[in-house]
Amino acid sequence: MTILTTLTVAAGPLLQPGDQSGTPGNVPNRGTTDVPTGGSGQGPQAAWSLGEWVGYSALIAISVLLTLVALSTLWWMLHAWRSRDALKATSFSDTPRPAAHRFTLLVPGRHEEDVMGQTLDMLATQDHPDFEIIAIVGEDDPGTDRVVREAAARHPGLIKVVVDDTLPKNKPKAMNLALQYATGDVVGVFDAEDEVYPRLLSLVDSRFQETGADVVQGGVQLMNFKSSWWSLRNVLEYYFWFRSRLHFHAESKFIPLGGNTVFVTKKRLDWSNGWDAHCLAEDCELGVRLSADGAKVVVAYSPEAVTREETPPTFASLLKQRTRWNQGFLQVLEKGEWKQLPSLKQRFFARYLLTMPFIQAATGLLIPLSVVMILFVKVPTAIALISFIPLAPTLMLLAVEIAGLGEFGRIYQEKVRVRDYVKLVLGLVPYQVFLAAAAVRAVVRHARKQNGWEKTEHTGQHRTAAQQPEVVGFPSAVTNPEPALAGAGTTSSARETTTARETTTAGGPR
């Protein structure tokens, strides 16, 4: 008997479907047919209730939305590393051209007596031969008024003081007032606590000549990453925004300008009637209008030439700052100037960016719902798997942030400790919840027409720390301003021949 015959005989009872000698329940290896099919003898899946449909749909929507936001953020964050040629092209020139423009530098300050005097002294050390500084203070702010007048006395003919008596007070109103007294053909804006690179104006002047730009946006970097758990993340936000993401927006020809270290030709500011006095994000609003009109906006970034700033000193102050930014974006969205952008791609980017406060607010409201569902609701396996999709790009974002923190430390000669990396990881979720809370607050304030300016306090945390680590080529003009003047012979002579100007107020010279 062959092997095949033996196997056939042995398997006989299983290979004869016509054999009806036994009952169906006794047929070997057949199972039972008296229960519904559906896997391992399980019953049919019950239909979802209305509440389950709503809950599961919300969970899926949150997951998809968070995934898309995380992926787009990751793409923009890595733009400079994906296109190093683009980053190199936006760097300041190693050999800047001779000066060809006159600059007016606006420095608005309100209750900034702790930091504004040092900022004005630092700006006065610029090696550019032709510029003026206009310090703007309120008539109800004697502390800041005293500090800026003392600075003006230290630098006669260079610093003017403009007193803002408008009501209610805000930054764009103050700058529009000072614009009436500007004599430069390029106007730059700085904040009251800024530490400014001594050669910045010379580099920016050259950039205007090289590109024919209407606007040059320089870099800004928060420095005090060790001050608090949120300051670490705030510092990294600025690092990726100015080092990478702004370059992407500039290439797409839609760019929300930064609030300082931005330089606009006087001709363009006259065309736009200055800044929107009612907008809480006047920098973004101006960038949108200029982009819609086809203005040429150039981003210029070199690590050693960034303007150094500090994170808000308290969590409440940071919340107010983010609320104001988000609310300003909503104002720009509602105003609709972005609809005049020439291309569909530009309008898409504008709508997405300006709608971000709504997106963050929506996710902020739905996050508690998703947490409750995960903890207390038995979610089908497929839905549970979908809810974990945002984890992948989020972990990638965290990995990029860890690498960015290390690079930040190397560039600015800051020692990044293990505890800083731990704070970065542990702060991921709380910071995202905070951003969502700020967005919700902005949406509520916008809906209630609460458009008052919530000021951000400054305490000089980036200055009062022990010796500030320096990027090569960034001499500390705070503790030792003399080196910044070395080799700037034309600057001294130009200032000696500058005619002293009278202090001005809203009503004119006095």
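Trp76 and Phe349 are both buried in this structure, which is a predicted model. Their ring centres lie 6.3 Å apart and the planes meet at 70 degrees, so the pair counts as edge-to-face. In sequence these two are far from being neighbours: Trp76 belongs to helix α2 (residues 50–77) and Phe349 to helix α13 (residues 344–376), with their positions 273 residues apart. Trp76 has another ring partner too, Tyr352, and that pair is again edge-to-face, at 5.6 Å centre to centre with 70 degrees between the planes. Because Trp76 is in helix α2 and Tyr352 in helix α13, this pair ties together parts of the chain that are 276 residues apart in sequence. Tyr352, like Trp76, is buried.

Those are just two examples, as the count of aromatic pairs comes to 19. Some rings join up into a group: Trp81, Phe225, Tyr239, Phe240, Phe408 and Tyr412 form a cluster linked by ring pairs. Rings also turn up next to charges. The charged end of Arg82 sits over the ring of Trp75, 3.6 Å from the ring centre. Arg268 does something similar with Trp271, lying over its face at 5.2 Å from the ring centre.

Next come the helices, starting with α7 (residues 171–179). Nine of its nine residues are buried, so the rest of the structure largely encloses it. That list takes in Lys171 and Lys173 as well as Pro172, Ala174, Met175, Asn176, Leu177, Ala178 and Leu179. What do the buried residues of α7 pack against? The partners are the strands β1 (103–108), β2, β3 and β4 (186–189), along with the helices α10 (266–271) and α11 (282–292). At the start of α7, a side-chain oxygen of Asn170 comes to within 2.8 Å of the backbone nitrogen of Lys173.

Helix α6 (residues 142–154) is 13 residues in length, and the stretch from its first C-alpha to its last is 18 Å, close to the 18 Å expected at 1.5 Å a residue. Its buried residues are Gly143, Thr144, Asp145, Val147, Val148, Ala151 and Ala152. Here it helps to know that an α-helix has 3.6 residues a turn, so residues three or four places apart point the same way. The cover over the buried residues of α6 includes α5 (116–123), β2 (131–138) and β3 (159–164). Strands β2 and β3 therefore appear in both stories, since they are also among the elements that the buried residues of α7 pack against, while α7 itself is largely enclosed.

Further along the chain, Thr323 has its place in helix α12 (residues 315–335). Is this threonine buried or exposed? With a relative accessibility of 0%, Thr323 counts as buried. Setting aside neighbours within four places in sequence, Thr323 is in contact with Ala438, Arg441, Ala442, Arg445 and Glu454.

Finally, the cysteines. A search of the whole structure turns up zero disulfides. For Cys279, the nearest cysteine sulfur is that of Cys284, 6.9 Å away, and Cys279 is in no disulfide. Cys279 counts as buried because its relative accessibility is 3%. Cys284 is in no disulfide either, its nearest cysteine sulfur being that of Cys279. A disulfide would need the two sulfur atoms within 2.5 Å. Cys284 is buried too, with a relative accessible area of 1%.

Notes:
Residues are numbered from 1 along each chain as its sequence is written. This is a predicted model: local features need pLDDT of at least 70, side-chain atom pairs count only at pLDDT 80 or more; totals for chains, interfaces and linings use all residues. Side-chain values use heavy atoms; hydrogens and water are left out. Helices (H or I, at least four residues) and strands (E, at least two) are DSSP runs, numbered from the N terminus. The expected span of a helix is 1.5 Å times one less than its number of residues. Buried means under 20% relative accessible area, exposed over 50%, partly exposed in between (1.4 Å probe, protein chains only). Contact means heavy atoms within 4.5 Å. Rings of Phe, Tyr and Trp (its six-membered ring) pair if their centres lie within 6.5 Å; planes under 30 degrees apart count as stacked, over 60 as edge-to-face and the rest as tilted. A charge sits over a ring if NZ of Lys or CZ of Arg is within 6 Å of the ring centre and within 35 degrees of the ring normal. A polar contact is a pair of N or O atoms within 3.5 Å; within protein, one must be able to donate a hydrogen and the other to accept it, and residues adjacent in sequence count only if both atoms are side-chain atoms.
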